[in-house]
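Thanks, everyone. I have one structure to walk through today, so please bring up the sequence and the model on your screens.

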Amino acid sequence: MTSDSTTHPETPTPQTDFSGGIDIDITGMTCTACARRVEKSLNKIDGATAWVNFATERARVTGLDSPEEALTAVKKAGYGAQIHEPGNDMWSQRAAEMRLDSLRRRLILAAVLTVPLMDATIALALVEAWRFPGWEWACILVAMPIVVWAAWPFHQSAWKNLRNKTSNMDTLVSLGIIAAFGWAVVTAAFDVAGSDAWLGLGLVPDGADTLYLDVAAGVTTFQLAGRYFETRSRRKAGNLLAALSELAPKTARIRNDDGKFVDTPIEHVTPGDTVLVLPGETVPVDGSVIDGLAELDTSSLTGEPVPVPARAGDRVVGGSFATNGQITIDAEAVGANMQLTQIATLAEKAQSQKANVESLVDRITAVFVPIVLALSVATLFIWLLPLGHSPSRAIGVGISVLIIACPCALGLATPTALMVGIGRGARSGILVKGHTALEASGRIDTVVLDKTGTVTTGSLRVERSWFADDADHADLLARIAELETRSEHPVARGILDFIRPTVDGGDDPSPDAAIGLPARPTQSGGPRVEVTDVQVLPGVGIEGVVGGRPLAVINAAAAHERADLDRQLADWISTQTEAQHSVVIILDGGQPAAALALSDQVNPDAALSIYQMHGRGLHTILLTGDSTSAAEKIGQTIGTNKVIAEVMPGDKAATVSSLQESGHRVAMVGDGINDASALAAADLGIAVVSGADIAMKSADIIIVRDDLNAIAESIMLSRKTLGTIRGNLVWAFGYNILAIPIAMFGLLNPLISAAAMAMSSVFVVHNSLRLQRVRLA
């Protein structure tokens, strides 16, 4: 199917490097059959291989001699096309806005005119005393904007299907509208109408054939409503590569022939270039560190909250953020070969391979539509020739068959249930983005949960603390706080959250009370101490002169090199390390005065959420890049059935695929960019709202409330919504199958057909609205 030609914006001349394949933005696709048609058209190009992602409305084509061949093939198939430029989604966004605006305007006009037209035609057709001269033509004039302009997308689609020797639901819709309106015009112009039978009431007055206008207008309005809601909900899926382009830097500092570093557009960077990354910048390439030392925040890639040190010989990946220090990198992978880009590409390709509920409808209507057309024509000739009825009677029966078979309820079955389900979920903090989630959720048996930021909070917290016997707790904590305010490191934020209730004179004077340490005296309202000579030590910590004395907050390895740690402190550090805590040592005047152990906290709702999933018969797996011992400890805490640890970011999708190959139907829950490909590869992807934008746009369901119990609720909502869609489809198809024989026997005139069609649609809508009251807990 294709949309109105007005939805194809002007196509600017692209300036893109087409080596290694191209991405094409496509507009006008309204079902998976459209994606298959575009893919088929592209694959006809000699040497070309294409796959089309209906969710993102984008095609990937390789093996082309010229990109113009691909654009021509897509446009010849009846769709708008534009070469996709990385970081530039203006064309596709404008096309989507124009398409929705066009459908909205057509729906409004159709609805405004259809209500009074239906009332008038029914009243005037059945009550002869209310008629006035020219009443038929007045009704026809009111109907014309509906059946011509408002219904134009269906007529356009039917015509293009005819040219391609195919048919779909739009074919029946268009023919039904044209036949109903056309016969009303014929009866008004040539007065060929006669008395017609109305089941239960006998003959209706002459001229009741004008009721066909009521049918034409009703079909148009119902179908436009379904198309509008369907298109709007599908656009919620968003664009994966748009999130990627926002993350990746647009330029890189490259060493030129003179040995100077100059800003260079990222598309001009090549493997072998030397790249400089300063503090506060994002690494633009994958490569190895040549020189320098920096701490890289990889949370957007790995989901892990603690920055990792990068020094000469270490490998770094694009998208990492340098929190401090500077490094020079030997570029090894750039552009499409970067790990970040490959993760996004895997995610998008996985999305394109998922089937939608509409695929079933498309397959059935591919057979259903030609059969209905054949039955309608056969009915017309049987009533006209062997049975010897008048042309008016024969045409009326033939049109009744065509009208009663119009899949109005079929078109509403999925989008109405989807929109009601989305609204119900939104009230519970759950966003269901599309049909994929609903189709997949009914078969889910395994839920895979990412650890950091999903099962855990993603923020560091002090779990244990140690103080030297002669340490002045209050004074030391105040000085540590003054030093750590000079750092943006996640460890610094965790330490400050631990200290501030004491040094700020808060209500809790003893943060250690909850972890079994003695209370400390507080210091409030005193003068702030002087801090000088502050130095951030990448991969180590921070140091400076605070209150006239040297103070350092550094990791345990650096502390071992700087000071003698007594047996008691060494044993404490060993214990905390075994517990998978990150340990920092405070050296006051060069001597160990305190130590803090930090960890990422388990989400308080995690255990209950796991319990609820087990209660619904779901198998749960914790998936993380952490060490096996740390992962198993958290897995035991929350009660998952299985733990899969030490999984690299790029391997998460492979892990999901492995589970699928073992026969499992997998839901993936995650929040980081490293989860994006796994979210898309899973049968059902669930992202938490605190996660990266790219992860949420790869997911089928987004949890927008701070409560992991929503995971189990989202699966239940999806199952309920899917069940409603299935019920709607069974009713819609069953209605058509049962009603067609009745119409063929002449027991239904267009009025009955229109009423039955309307009641079928009302039933579908009412059944969908029941989702508003469904219980999820």
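Trp731 has a relative accessibility of 35%, so it counts as partly exposed. Keep in mind that this is a predicted model. Phe763 also counts as partly exposed, because its relative accessibility is 36%. I take these two residues together, since they form an aromatic pair. The ring centres are 4.6 Å apart, the planes make an angle of 40°, and the pair is classed as tilted. A search of the whole structure turns up one aromatic pair.

Where do Trp731 and Phe763 lie? Trp731 sits in helix 25, residues 709-744, and Phe763 sits in helix 26, residues 750-769. The pair therefore ties together parts 32 residues apart in sequence.

Next, another pair of helices. Helix 4 covers residues 135-150 and helix 5 covers residues 152-163. Their axes come within 5 Å and cross at roughly 45°, which means that helix 4 is oblique to helix 5. Which residues make the contact? On helix 4 they are Val147, Val148, Trp149 and Ala150; on helix 5 they are Trp152, Pro153 and His155. By type, this contact of helix 4 with helix 5 has six nonpolar residues, one polar and no charged.

Now the sheet. There is an open sheet of seven strands with mixed pairing, and the strand order is 14-26-25-24-15-22-23. At its edges are strand 14, at 430-432, and strand 23, at 642-644, each of which pairs on one side only. On average, neighbouring strands in this sheet are turned by 20° against each other, with direction ignored.

Within that order, look at strand 15, residues 446-450, and strand 24, residues 666-670. How do strand 15 and strand 24 pair, in the parallel or the antiparallel sense? They pair in the parallel sense, over four bridges. One residue to find on screen is Leu449, whose bridge partner in strand 24 is Val669.

A helix lies across part of this sheet as well. Helix 22, residues 652-661, lies across strands 15, 22, 23 and 24, with strand 22 at 619-623. Against strand 24, helix 22 runs at about 155°.

Last, the chain as a whole. The chain has 777 residues, and 56% of them count as buried. It contains 26 helices and 26 strands. Taking contacts between residues at least 6 apart in sequence, 70% join residues at least 24 apart.

That is what I had; questions are welcome.

Definitions and conventions: Residues numbered from 1 in each chain as written. Predicted model: local features only at pLDDT ≥ 70, side-chain atom pairs only at ≥ 80, totals over all residues. Heavy atoms only, no water. Axes fitted to C-alpha atoms, helices over the stretch in contact; angles between N-to-C directions. Helix = DSSP H or I, 4+ residues; strand = E, 2+ residues; numbered from the N terminus. Parallel < 35°, antiparallel > 145°, perpendicular 65-115°, else oblique. Contact = heavy atoms within 4.5 Å. Nonpolar A, V, L, I, M, F, W, Y, C, P; charged D, E, K, R; others polar. Pairing = 2+ DSSP bridges. Phe/Tyr/Trp six-rings, centres within 6.5 Å; stacked < 30°, edge-to-face > 60°. Buried < 20%, exposed > 50% of the residue type's maximum accessible area, 1.4 Å probe, protein only.
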